[in-house]
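Okay, thanks for coming, everyone. I'll put the structure up and walk you through a few parts of it.

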Amino acid sequence: MSSVITGLDQSTLELSLKSLKDFAKDRLPDEKLLEWDSRDECPLEIVRQMCGAELGIPLLFIPEEFGGMGGGAFDVYRVCEEMARIDLGVATSVLATLLGSDPISFGATPEQKKYWLTRMAEDGLIFAYAATEPEAGSDLGALRSTAERVTQDGRVTGYRINGSKQWISNGGIADAYTVLANTPSGPSWFVVEKDAKGFSRGKSEHKHGIRLSNTAPLSFDDVYVDASRLIGGVEGQGLVQAQAVFGYTRLMVAAFGLGAGWAALDRAISYSTERIQAGSPLSEKQGYTHKLIVPHAARLEAARAYIEEIATRLDSGEEGLNTEGAIAKYMATEAGNRAAESAIQAFGGYGYTHEYMVEKIKRDVRITTIYEGTSEIMEITISRDRWQLHIKTRGQHYHDQARRLEALHARHPQVGANIAALGLHALAGIMEKARAARLTRDQHILMRLGEWIAYAECAGVFCARAAALLDGRFNAKSPRRFDASATAALARVFAREAALKAAGEGLCWLTAAGGIDDAGMHAFETNLGLSAIHRAQSGLLADMDSIADVLYHRAAKTANSTK
Ligand SMILES: Cc1cc2nc3c(=O)[nH]c(=O)nc-3n(C[C@H](O)[C@H](O)[C@H](O)COP(=O)(O)OP(=O)(O)OC[C@H]3O[C@@H](n4cnc5c(N)ncnc54)[C@H](O)[C@@H]3O)c2cc1C
């Protein structure tokens with residue numbers, strides 16, 4: 001792993017975020033967003049302004065040698081979170097341009113990079129990323145589009161593309177498309193421009209959410225492209241190139257979940273300070289805040305910690321991080337979706353109407369658990385990869401992580417690292433039992449494992465982040481909404497949930513699958529440390545009280561009403 005950190009400097013990033021906020025304030029007020037949403041209309045001019053010279057968001061991430069600013073993964077996360085706070089539909093249009101250019105950034109020849117990335121930087125080209133097909137969604141191996149070689153004097157001079165693509169963001173508005181099609185040597189990416197003969201775009205989809213984003217099917221009827229449009233110049237690299245960018249692209253969608261989740265939660269927080277019921281603001285009612293607000297803040301910030309960890313590793317030169325990207329996406333998008341759902345409840349009847357925006361955010365954020373790999377595919381990805389680690393280390397992988405957290409607890413007893421360690425030990429026990437009893441033959445067990453792994457790993461990373469903050473170590477580009485003490489409280493709350501989930505649900509499903517009989521139950525519960533995990537719940541309510549105080553800017557120990 002190289003230690004070179006890439007990316008924008010802090011002031012450039014802050015300036016870019018400010019320009020984005022100013023742009024949104026000026027041109028994307030709530031009323032406009034609601035109007036486009038109700039008309040199911042993509043504001044093309046806004047997308048062009050965001051992708052082109054005016055705001056130039058893709059420019060931030062194009063390498064400097066091609067006229068961009070060379071932003072890294074951490075910058076991508078911050079910008080994507082901010083865009084999602086504004087509107088996830090418009091954000092998706094910008095994302096699709098970034099996604100569309102990713103096969104080029106990661107897999108193209110130097111000449112192709114120079115040509116396309118320079119055009120993106122200079123002309124503000126809008127891209128689309130066309131992988132999905134009617135029959136090939138989660139399983140891209142089922143791809144049917146073909147790219148037949150066209151030869152002249154025995155030399156491949158071009159390709160003829162045939163087939164159709166489904167659910168393509170920017171499908172109806174892009175200038176250029178990166179298209180995955182089967183060549184004789186396997187799936188490969190091609191660049192196709194919008195005016196190519198034989199290429200057509202279908203009717204835009206009428207969607208549940210992200211209605212400001214254009215989504216359309218595409219068809220290719222003998223579309224000829226020159227051989228120079230084969231990305232990387234070598235056939236059969238398509239799936240490898242797609243895999244190579246997953247760590248990065250899933251991080252972007254993770255940041256979308258985070259931004260949309262916080263956008264909804266912040267609206268609920270603000271609303272609850274003004275809404276008086278039973279004689280006092282909702283924000284002062286513990287049963288309200290501790291159900292509808294605080295747990296979501298903890299889950300979102302846990303996901304942020306994981307996102308930041310992965311972004312930092314990517315910026316240090318680590319490659320792949322496919323599984324880690326999957327964990328980040330899974331945790332942040334599920335947390336964002338739950339937070340938005342809760343925000344509707346927090347607004348009561350008003351939340352159920354369009355005007356208060358949380359209803360729109362909820363519809364919008366729903367897509368983040370579907371595109372760029374569904375949550376279920378994330379569970380499978382996470383589980384399969386970590387299963388290999390479990391086997392390779394003879395069951396020690398998560399025990400080792402837990403021991404590192406125990407050492408951290410000795411230095412920082414307040415960050416919940418001991419609780420996260422309990423969860424990881426329990427996870428190792430669950431995985432070992434599942435191995436011995438061959439329970440992962442049941443797909444449901446395999447996928448639930450993916451969820452417990454994601455929670456337990458995320459808890460460990462969050463506690464480590466809280467400890468780093470206490471040590472005064474943090475990325476200057478990280479937002480500072482919560483100080484070290486509030487972060488520690490959030491980390492403790494999340495670590496308790498993760499440990500309970502891994503041990504409690506793990507025990508439940510292993511039993512359900514017939515892996516634990518009556519005689520072995522007591523010993524297995526002891527082995528999981530179930531009792532210690534229950535004891536670790538002590539202090540949870542006080543931590544939630546303190547987080548509510550921070551979220552509502554109250555002095556600590558405000559008496560909570562129980563009305
Ligand atoms: C608004 C929108 C924008 C999109 N933008 C783009 C884009 O720009 N470019 C692009 O290429 N694609 C895009 N997509 C496609 C998106 O990535 C796919 O919809 C997604 O990957 C799921 O594929 P699918 O819809 O075919 O569902 P399926 O793969 O058919 O899945 C249906 C359900 O089955 C589950 N499932 C699937 N496989 C398994 C399995 N092996 N085991 C257990 N459960 C399974 C899934 O989790 C899901 O719940 C977009 C989709 C939408 C809705």
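Let's start with a pair of helices, H5 and H9, which pass each other in a right-handed crossing. Just so nobody forgets, this is a predicted model. H5 covers residues 73-86 and H9 covers 246-274, and they pack at an angle of about 40° with their axes 7 Å apart. So what does each side bring? From H5 you get Ala73, Val76, Tyr77, Cys80, Glu81, Met83, Ala84 and Arg85. Across from those, H9 puts in residues including Tyr248, Leu251, Met252, Phe256, Trp262 and Asp266. Sort the residues of that H5 and H9 contact by class and you have 15 nonpolar, one polar and three charged.

Now stay on H9, since it also meets H13, residues 358-365. Here the axes come within 10 Å and cross at roughly 160°, which means that H9 is roughly antiparallel to H13. The crossing of H9 with H13 is left-handed. On the H9 side, the contact uses Gly257, Ala260, Ala263, Ala264 and Arg267, while H13 offers Val358, Ile361 and Val365. Look back and you'll find Ala260 and Ala263 of H9 in the contact with H5 as well. By class, the H9 and H13 contact has six nonpolar residues, one polar and one charged.

One more helix pair: H11, residues 294-315, and H12, residues 322-346. How do their axes cross? They come within 9 Å, at roughly 155°, and that makes H11 roughly antiparallel to H12. H11 goes past H12 in a left-handed crossing. H11 contributes His296, Arg299, Leu300, Ala303, Tyr306, Ile307, Ile310 and Arg313. H12 answers with a set that has Glu324, Ile327, Met331, Gly336, Arg338 and Ser342 among them. The class split for H11 with H12 is eleven nonpolar, three polar and four charged.

Okay, on to the ligand. Which residues come nearest? There are 20 residues around the ligand, and Tyr129, Thr132, Ser138, Thr374 and Glu376 come nearest. Two of these have side-chain N or O atoms I'd like you to find on the screen. For serine 138, a side-chain N or O atom is 2.6 Å from an oxygen atom of the ligand. For threonine 374, the distance from a side-chain N or O atom to a ligand oxygen is 2.7 Å. Alanine 131 uses its backbone: one N or O atom there sits 2.9 Å from an oxygen of the ligand.

Last stop is glycine 233. Where is it? Glycine 233 lies in the loop between strand E7, 215-226, and helix H8, 238-244. Its C-alpha is 7.4 Å from the C-alpha of alanine 108, although the two residues are 125 apart along the chain. Leaving out residues up to four places away in sequence, glycine 233 touches Thr109 and Gln112.

That's my tour, so over to you for questions.

Definitions and conventions
Residues are numbered from 1 along each chain as its sequence is written. This is a predicted model: local features need pLDDT of at least 70, side-chain atom pairs count only at pLDDT 80 or more; totals for chains, interfaces and linings use all residues. Side-chain values use heavy atoms; hydrogens and water are left out. Axes are lines fitted to C-alpha atoms, for helices over the stretch in contact, and angles run from 0 to 180 degrees between N-to-C directions. Helices (H or I, at least four residues) and strands (E, at least two) are DSSP runs, numbered from the N terminus. Angles under 35 degrees count as roughly parallel, over 145 as roughly antiparallel, 65 to 115 as roughly perpendicular and the rest as oblique. A crossing is left-handed if the near helix is turned anticlockwise from the far one by less than a right angle, and right-handed if clockwise. Contact means heavy atoms within 4.5 Å. Ala, Val, Leu, Ile, Met, Phe, Trp, Tyr, Cys and Pro count as nonpolar, Asp, Glu, Lys and Arg as charged, and the others, Gly among them, as polar. A residue is near a molecule or strand if one of its heavy atoms lies within 4 Å of it. A polar contact is a pair of N or O atoms within 3.5 Å; within protein, one must be able to donate a hydrogen and the other to accept it, and residues adjacent in sequence count only if both atoms are side-chain atoms.
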